[in-house]
Amino acid sequence: MTAIPLWVRRPAAERVGWLRTVDHKEIGVLYIGMGVAFFALGGLEALLLRAQLATPEATLVDPETFNQAFTVHGVTMILLAVVPLLVGFANYMVPLMIGAPDVAFPRLNALSFWLSLVGGIVLYFSFLAGGAPDTGWFSYAPLSERAFAPGTGVDYYILGLAVNGAGTIIGAINLAVTILLMRCPGMAISRVPLFVWMTLVTSVLILGAYPALTAALVMLLVDRQLGGHFFDPAGGGQAVLWQHLFWFFGHPEVYIMVLPAMGMISEVIPVFSRKPIFGYGFVAGSSVAIAFLSFGVWAHHMFAVGLGDTENAIFGATSMLIAIPTGVKVFNWIATMVGGRLRMTTAMLFAVGFIAMFVIGGLSGVSLAVVPIDLAVTDSYYVVAHLHYVLFGGTMLGIFAGAYYWFPKMTGRLLSERLGRWHFWLTFAGFNLTFLPQHWLGAAGMPRRVFTYAASTGWGPLNFISTIGAAILAVAMVVFFVNLFRSLRSGEIAGDDPWDAFTLEWSTTSPPPPENFASIPAVTGRRPLWDRKHPEARDKR
Amino acid sequence: MSRAVSLERSPRIVEDRVLLGVVIFIASESVFFLAIVLAYVAYRDAGLATAKANLDVGRTAIFSIALFASSGTMAVAGRTRSRAWLAATMILGAIFLAGQGSEYARLLSEGIGPGSALFGTTFFTLTGLHGVHVLAGLVALAALFTAHLGRARAVGAVAWDAVSFYWHFVDAVWVVVFSVVYLGTLL
């Protein structure tokens, strides 16, 4: 290994505590901690929703509480749980994977995290300040205008999301510059691990999408606080403008949440199949295609608005196009496993689970891109089922795969495989039991966001099954938390490279030292650690 | 022009972290302004009569020239590391803000505000957000000026470039805003 001295001297952050840290690994852990905490909160809100819906005409919660719970559940899971979890893993792993001592702007990195967290706290403060927002996570105008949402909930939504978004944008700048300029010698952009590729593409998506949300939030704030008329039909404004701006952010946001998880399983599957990824270039290139297309599909969330048949047809077609690069990836993962020596660890189980569940969510997504089908099931539980197959069945299973894979690197200890299997199978069963029946509920006409339904609708039994599934999911999460805490204290010692892995993060100690590497590594291929372990069978590129 | 100090050469954008970061930040800011400008354009017809009756294009053009000129003084300041040119840039920027402030005062006294009608909502949001960015630019210029006091070599080329990129961006946004909002009333 070529010995190149460190070009950056990092301040001794490990001694000054979590509040002041600027180390990318500690900030990564902070992000992940934030994501886990908000995931638990969002999960409790979901359980409240499912408990209320378990039986027809239930009165466990009143409609106002129900509206607040589904609104905050959505915002929490998307912006305060999933995004911080993904950004957290990216923060921790990207510099290690590209052989860098830290991110490009360590202090800015800390600012990103604290802004993201404060945004979340501002949103939750609304509960103490007279009521949380109750207008849905996409907060359609004119419902979100002062005339129809007179409380302060929507104002906290605006401030919370704007501050959280500023943190996310700054974080994306930081990660993009890190990936573009801080790769170690030999680490060409065509050699970086696919998780790094996905992080780069995601950063571009964040930089293109989040500012549109910020702009929309500013306009809504002007409407609510200065008496403006942007989205106020009575004053000449157009409520549909909010939808355009929001979904111009909102659809790329879906890929912001799913691409890094795809990157995680693109690391896990090759390592546990003992093969390089099949079609590296296609996995990376298809992500660029997805990112490009994702800015041209937003109005498929608005088929029912009445934009016109031509507009709907165009957006339906672009939405279906996205299935092509997405399908390419699925074949890449499967082809990687074919002929490999599979090791079905918990991480691998979750990665395979991702593929299966994400395909279901992807297919129901294609069905929703067909305008007449969308018009029939829009705003119904079919949509709820679809988005949860993508974001839980996809993203969350991917995050769990990443968690089991990288936990030993971050802590020096392995997560328990025995509890991990319980965690996986309970999650898999609970998830499908919760969300599969919702396809039928939606097709039968059950609208989303209703706090109850009449017994005569016949929706009771499927809803009851769905709630049972949610309870099983809750048990699965308890198993996961037990696994986390027990393994942190007394898990099996991992060593530097417990999985016999391929990429640079496994070449340093577990957990890595503050400066990451004793000397900056130099690489000659896509699997630098494999090359080092098998000099006789180096990768050609 | 005489050069008293030997100047550190600017690094290339694609090689320097700070410059690349600033460029990416500006790209993301452009999306933000694009959304606000599009909202203004979407509502242009509804507010056109009010805009024609109440906007003083000639007067604002003069203040706009001050802002456009400040990009030129910034370029000279950056090339020569001159505090005088930097001060000129700040003064021109402040003149522009003063002009905007006096126009706001006049419109508000005539009963046109962000809540009065669609024109007021879109006008004050778009020009106000731009004004906030000019103010942020002035703060950055002031920081550069202070850091530069008496120790010309201490401020790196990157800091000069980063601040001037941002200042040129704020100026460029005004080219669009002035065209859409003010020159648009002449059509």
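## Chain B and its helices

Helices and strands are here taken as DSSP runs, a helix having at least four residues and a strand at least two, and they are numbered from the N terminus. In this predicted model, chain B reads α-α-α-α-α-α along its sequence, with 6 helices and 0 strands. The C-alpha atoms of chain B fill a box of roughly 55 × 30 × 25 Å along the principal axes, and of its 187 residues 36% count as buried. When contacts in chain B are taken between residues at least 6 apart in sequence, 78% of them join residues at least 24 apart.

One residue to look for in chain B is G131(B), which lies in helix α5, residues 118–148 of that chain. Is G131(B) buried, exposed or partly exposed? Because 19 other C-beta atoms are found within 10 Å, and a buried residue needs 20 or more, G131(B) counts as partly exposed. Leaving aside residues up to four places away in sequence, G131(B) touches L97(B) and Q100(B). The C-alpha atoms of G131(B) and F96(B) are 9.0 Å apart in space, although these residues are 35 apart in sequence.

## Confidence in chain A

The average pLDDT of chain A is 95, and 97% of the residues score at least 70. Residues 1–10 of chain A have a pLDDT below 50, and in the model this stretch has 19 contacts beyond near neighbours in sequence.

## The nonpolar core and two buried positions

The largest nonpolar core contains 223 residues, and those with the most contacts inside it are V268(A) and A401(A). Not counting residues up to four places away in sequence, V268(A) touches A347(A), M348(A), A351(A), A401(A) and Y405(A), so that the two residues named for the core are themselves in contact, given that a contact means C-beta atoms within 7 Å.

Another position to examine is L213(A), found in helix α5 of chain A. L213(A) counts as buried because it has 26 C-beta neighbours inside 10 Å. Its contacts, again not counting residues up to four places away in sequence, are L161(A), G165(A), F246(A) and F249(A). By contrast, L213(A) and E57(A) stand 37 Å apart, C-alpha to C-alpha, with their places 156 residues apart in sequence.

## How α6 and α7 of chain A pack

Two packed helices are described by the angle between their axes and by the distance between those axes. For α6(A) and helix α7, residues 280–294 of chain A, the angle is about 170° and the axes are 10 Å apart. Because angles over 145 degrees count as roughly antiparallel, α6(A) is described as roughly antiparallel to α7(A).

Which residues make this contact? From α6(A) come H251(A), P252(A), Y255(A), L259(A) and S266(A), and they meet V283(A), S287(A), I290(A), A291(A) and S294(A) of α7(A). Sorted by class, the residues of the contact are 6 nonpolar, 4 polar and no charged.

## Where the two chains touch

The contact between the chains involves 27 residues of chain A and 21 residues of chain B. On the side of chain A that touches chain B, the elements giving two or more residues are α4, α5 (194–226) and α6 (239–273). Of these elements, α5(A) provides the largest share, with 10 residues. The side of chain A that touches chain B has 19 nonpolar, 8 polar and no charged residues.

## Unusual backbone geometry in chain A

Most residues other than glycine have a negative phi, and most peptide bonds are trans. A cis peptide bond nevertheless joins A141(A) and P142(A), with omega about 5°, and P142(A) is placed in the loop between α3 (106–125) and α4 (153–181) of chain A. Another cis peptide bond joins S510(A) and P511(A), with omega about -10°, and P511(A) lies in the loop between α14 (460–490) and α15 (528–533).

Positive phi values are found at S139(A), about 45° in a residue that is not a glycine, and at D379(A), near 60° and likewise in a residue other than glycine. S139(A) is in the loop between α3 and α4 of chain A, and it counts as buried because it has 24 C-beta neighbours inside 10 Å. D379(A) is in the loop between α11 (371–377) and α12 (381–411), and with 13 other C-beta atoms within 10 Å it is partly exposed.

Definitions and conventions
Residues numbered from 1 in each chain as written. Chains lettered and ligands numbered in written order. Predicted model: local features only at pLDDT ≥ 70, side-chain atom pairs only at ≥ 80, totals over all residues. Core = buried A, V, L, I, M, F, W, Y, C linked by C-beta atoms within 7 Å. Buried ≥ 20, exposed ≤ 12 C-beta atoms within 10 Å, placed from the backbone. Nonpolar A, V, L, I, M, F, W, Y, C, P; charged D, E, K, R; others polar. Axes fitted to C-alpha atoms, helices over the stretch in contact; angles between N-to-C directions. Parallel < 35°, antiparallel > 145°, perpendicular 65-115°, else oblique. pLDDT = per-residue confidence, 0-100.
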